[in-house]
Amino acid sequence: MADDRPILIVGGGLGGLAAALALGRCGLSVRVLEEAPQFGAIGYGIQLGPNVLPMLARLGVADAVLQRASVPPALVMLDALDGTEVARIPTGDTFLRRFRHPYIIIHRIDLHEVLLDACRALPNVVLEPSSRVIGFEDEGGQVRLHTKDGSSHAGAALIGADGLGSSIRAQLCDEGPPRFIGYVAHRTIVPMRLLPDGVLREEVVLWGGPGYHIVHYPLRHGSLFNIVAVFRTATYAQRDDVHGYRAELERTYRDARPAMQALLALMDLERRWAISDRDPIRHWHRGRVVLLGDAAHPTLQSLAQGACMAIEDAVCLADLINAAPGDFDLAFRRYEAARLVRTARVQLESRSLWEFYHAGGIARDVRKLTVVDWNEAHMFDCLAWLYDGFAVEQTYQA
């Protein structure tokens, strides 16, 4: 590409770093601006489906990620009220034969560090912390970013990878706040030795109840245990009332299984996250500016695919930019066309699964009847559209 000005990326999370790495491996100049004083990640677990492993291989980091990750024996959903098994997806040999790559669980910090180290190893990728972007201008021949400290950065193009609350998206799309659904999440990591009896320690487990669920799984090769408690509450917008949070948990989960109650007693309630998404939109770009990951298609966590979609986005976008030297409008239009339906399906199916996980009353009875005949082959067929992956034409070499 004749233009040697950097491609600017706003956001140093998983999607932003994956995009920087993908572009950097194409030989392009990249500058990543991150609001935080240092590049890092919130320290909880993350699940990655088999569809993301080929993308990590394209980025040259698959082996490093697999060294830090674990492969659970199964994904299991249990009924929070009676403890019966609702669904089970084995992730062993038959899963590998069907989808060719493993389902992995990893500490988000470990994944972030792998991407960060790979970016730092490239001389054409510049990482700038403490850079809070407050706006941009598309000047036709270039894009100019403005930061809170009064400085500006010019680049050939701009990628908004700044998540659900994206300031770049807010300037592109006047659509208001995200769609809050009235649920919150509390996340905790505890040493494995603190786990009470009766808790499955190796599988990825989701306990689904009426208006609440708990997800748990091991991290760092079984030394740590990741717990996420999610529930519906009228106080989802409130903050900083740990005593109130504990009372809410006890009230909401009062009919849940004893194993769930024991896990809740281990929860650190200092932080809570209000859960939200947005409706799918058709256009993620204008001129030399484009969105990626949660900035483009934020989703509920039901399919555990938010990071996977961002990494797929990153590899796809880098390929298309590299294939259309200097023609960012063409590259961005091709990127939208390639990614739109797949990411929108993740958003919409995640909404449907959310209702399935939280069924109560008659809906719970219907769920029980629905899953009676589900077997491994059926589960694999249902997931094939997602786990079979996303085909990206390879345009650069490792």
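**Exercise 1.** In this predicted model, helix 1 and helix 5 are roughly parallel to each other. Work out which angle and axis distance go with that description, and which residues form the contact.

*Solution.*
- Step 1: Start with the geometry. Helix 1 spans residues 14-25 and helix 5 spans residues 108-120; they pack at an angle of about 25 degrees, and their axes lie 9 Å apart.
- Step 2: Apply the cut-off. Angles under 35 degrees count as roughly parallel, so the label fits this pair of helices.
- Step 3: Add the handedness. The crossing of helix 1 past helix 5 is left-handed.
- Step 4: List the partners. Helix 1 contributes Leu14, Leu17, Ala18, Ala20 and Leu21, which meet Arg108, Leu111, His112, Leu115, Leu116, Ala118 and Cys119 of helix 5. Sorted by character, the contact holds 10 nonpolar residues, 1 polar and 1 charged.

**Exercise 2.** Now take a look at His112 in helix 5. Is His112 buried or exposed, and which backbone oxygen does its side chain reach?

*Solution.*
- Step 1: Buried means under 20% relative accessible area. His112 has 2% relative accessibility, so it counts as buried.
- Step 2: The His112 side chain reaches the backbone oxygen of Gly40 at 3.5 Å.
- Step 3: Setting aside neighbours within four places in sequence, the contacts of His112 are Gly12, Gly13, Leu14, Leu17, Phe39, Gly40 and Ala41.

**Exercise 3.** Finally, place Gly360: which helices flank its loop, and how far is it from Tyr212 in space?

*Solution.*
- Step 1: Gly360 sits in the loop between helix 10 (328-357) and helix 11 (361-370).
- Step 2: With a relative accessible area of 27%, Gly360 is partly exposed.
- Step 3: From C-alpha to C-alpha, Gly360 and Tyr212 are 9.8 Å apart, with their positions 148 residues apart in sequence as the separation.

Terms used: Residues numbered from 1 in each chain as written. Predicted model: local features only at pLDDT ≥ 70, side-chain atom pairs only at ≥ 80, totals over all residues. Heavy atoms only, no water. Axes fitted to C-alpha atoms, helices over the stretch in contact; angles between N-to-C directions. Helix = DSSP H or I, 4+ residues; strand = E, 2+ residues; numbered from the N terminus. Parallel < 35°, antiparallel > 145°, perpendicular 65-115°, else oblique. Left-handed = near helix turned anticlockwise from the far one by under 90°. Contact = heavy atoms within 4.5 Å. Nonpolar A, V, L, I, M, F, W, Y, C, P; charged D, E, K, R; others polar. Buried < 20%, exposed > 50% of the residue type's maximum accessible area, 1.4 Å probe, protein only. Polar contact = N/O pair within 3.5 Å; in protein donor to acceptor, adjacent residues only side chain to side chain.
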